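Reader: Hi! I have a structure open and I'm new to this. Could you walk me through a couple of its features?

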Amino acid sequence: RKAVEHAECSGSPDARGSALHALSKALHFLSNIETREDKKIGLLKEALECRNELDKIVQKAFPSNHWLSGVNKSYQGLIKEDLATIQRNPEEKRTLLEDAALSMEDGVSDCRRWISSRPAPTQIAAVGSYEDSLGRVLNDIYLSTKDTATLRRAIKAIEDAAEQFKKVKMPSRVAESYWKIARNHDRLGEYHKAAEDFENASKEYATAAQNTPKFAAFYEDYARYMKAWGEIEKACAAHESERYVEAMKHYEETADLLRQTKSWSYLCSNFSAWSLLERAEDLSRKGNSTESIETFAEAAERFEEAKETFEIEMDRIQNPDEKDMISELRKASLRRKDYCHARMMMEEARISDQKGHCEESAEKYGSAADVFERMLETEADKSEIRPILCMCRAWQKMKKADMSASPELYHEASELFLA
């Protein structure tokens with residue numbers, strides 16, 4: 001603050017600009033370690049005021065220096081992002097994030113314009129970091145709006161970041177970028193693209209291992225982890241097309257790759273369970289209900305084991321992102337366990353029907369439908385559960401209709417089959 005006062009007395013725009021930049025960074029970084037919310041907000045707002053004042057100086061005294069302008073706008077966006085993180089009101093939070101994204105996009109545009117004729121490695125790397133931050137902000141906007149156009153903007157920003165990091169030979173940063181792109185393609189249900197991105201991330205981590213022998217084991221672990229996630233995406237794509245055997249093999253490969261890692265071997269049981277689930281689906285489709293029931297039961301046991309493993313690992317792991325992932329996988333294990341039990345009931349209902357036990361079949365279809373209905377209350381993606389629920393209710397009514405010869409029940413069943 002004293003430096004800013006002295007710079008003001010000098011009348012030099014260069015001195016004023018440098019002092020404001022330094023003060024804003026100091027205030028911003030100080031806010032990161034400030035635990036009192038009101039103080040943190042005050043520091044961030046003061047840091048943003050410095051940026052706004054610096055912007056006026058740059059526009060007036062250095063209008064052709066796009067680097068100064070771009071860096072300042074990028075920092076404006078970062079400060080607004082931090083203010084948004086503190087904001088509890090969802091509407092105001094989204095407004096701040098959108099404002100942050102606009103500042104960052106303007107900043108990145110100016111910086112890219114500057115380095116197009118002055119490609120200094122340190123500045124190229126800085127632009128990559130700004131583009132990565134822009135992608136993060138756009139991701140946060142997507143999470144609150146579910147607007148896929150925003151998510152595609154995020155993908156583009158992170159793809160641009162990856163290109164910058166490639167230019168200055170920073171493979172670990174390139175790998176991180178591909179990892180983030182893959183997660184976004186997964187959110188869009190673009191499993192083949194996600195698999196390709198994870199493969200690219202794996203290759204970049206392998207390159208980082210070769211380039212830095214002291215950290216080779218660390219990066220090789222990440223390379224296997226990324227390759228495993230590529231297999232998961234391939235499994236999702238296969239499952240979506242009802243290629244259950246292919247999906248089963250991809251999940252088996254996932255488990256094998258994870259088993260070789262130091263940090264993520266605890267995930268093996270989860271994906272072994274998924275492999276069994278896919279095998280059970282294939283057996284069901286082939287009409288082998290008895291073996292399908294046995295395999296669904298084995299998968300349910302594995303999902304229970306996976307859930308217990310996740311609960312143990314939650315206490316050990318410190319990384320917030322990994323903790324979130326484990327929490328989600330634990331919930332998914334519970335849902336898949338319930339799914340396996342419901343599918344067992346469906347197969348039992350089919351066997352009862354084949355034996356001519358209509359009442360028993362109707363009861364089992366009804367019990368399965370009840371489980372699927374409960375799952376709908378917590379399942380984020382309802383597109384897979386809802387059709388199976390309708391089919392269970394349809395067969396339940398059909399079997400009741402067979403017992404009573406009721407035209408009304410036959411009609412209701414037909415309506416559900418068409419739903």
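Author: Happy to; we'll look at a pair of helices and then a pocket, keeping in mind that this is a predicted model.

Reader: Great. At what angle do α7 and α8 pack?

Author: Helix α7 (residues 148–167) and helix α8 (residues 171–187) pack at about 160 degrees, and their axes are 9 Å apart. Angles over 145 degrees count as roughly antiparallel, so α7 is roughly antiparallel to α8.

Reader: And is the crossing of α7 and α8 left-handed or right-handed?

Author: That crossing is left-handed.

Reader: Which residues meet there?

Author: From α7, they include Leu151, Ile155, Ile158 and Phe165. On the α8 side, Val174, Tyr178, Ile181 and His185 are among them.

Reader: What's the mix by class in the contact of α7 with α8?

Author: The contact has 10 nonpolar, 3 polar and 5 charged residues.

Reader: Cool, new topic. How much space lies in the second largest pocket?

Author: About 200 Å³. The lining of this pocket is made of 14 residues, and Gly17, Ser18, His21, Leu54 and Leu68 lie nearest its centre.

Reader: Which helices supply at least two residues of that lining?

Author: Helices α2 (13–33), α3 (37–61) and α4 (66–86) each do.

Reader: Okay, and which one gives the most?

Author: That's α2, with 5 residues in the lining of the second largest pocket.

Reader: Last one: how do the lining residues divide into nonpolar, polar and charged?

Author: For the second largest pocket, they divide into 8 nonpolar, 4 polar and 2 charged.

Notes:
Residues numbered from 1 in each chain as written. Predicted model: local features only at pLDDT ≥ 70, side-chain atom pairs only at ≥ 80, totals over all residues. Heavy atoms only, no water. Axes fitted to C-alpha atoms, helices over the stretch in contact; angles between N-to-C directions. Helix = DSSP H or I, 4+ residues; strand = E, 2+ residues; numbered from the N terminus. Parallel < 35°, antiparallel > 145°, perpendicular 65-115°, else oblique. Left-handed = near helix turned anticlockwise from the far one by under 90°. Contact = heavy atoms within 4.5 Å. Nonpolar A, V, L, I, M, F, W, Y, C, P; charged D, E, K, R; others polar. 1 Å grid on protein atoms, 1.4 Å probe; cavity = no way out; pocket = protein on both sides within 12 Å on 5 of 7 lines; lining within 4 Å. Points joined across faces, edges and corners; volume = space filled by probe spheres on them.
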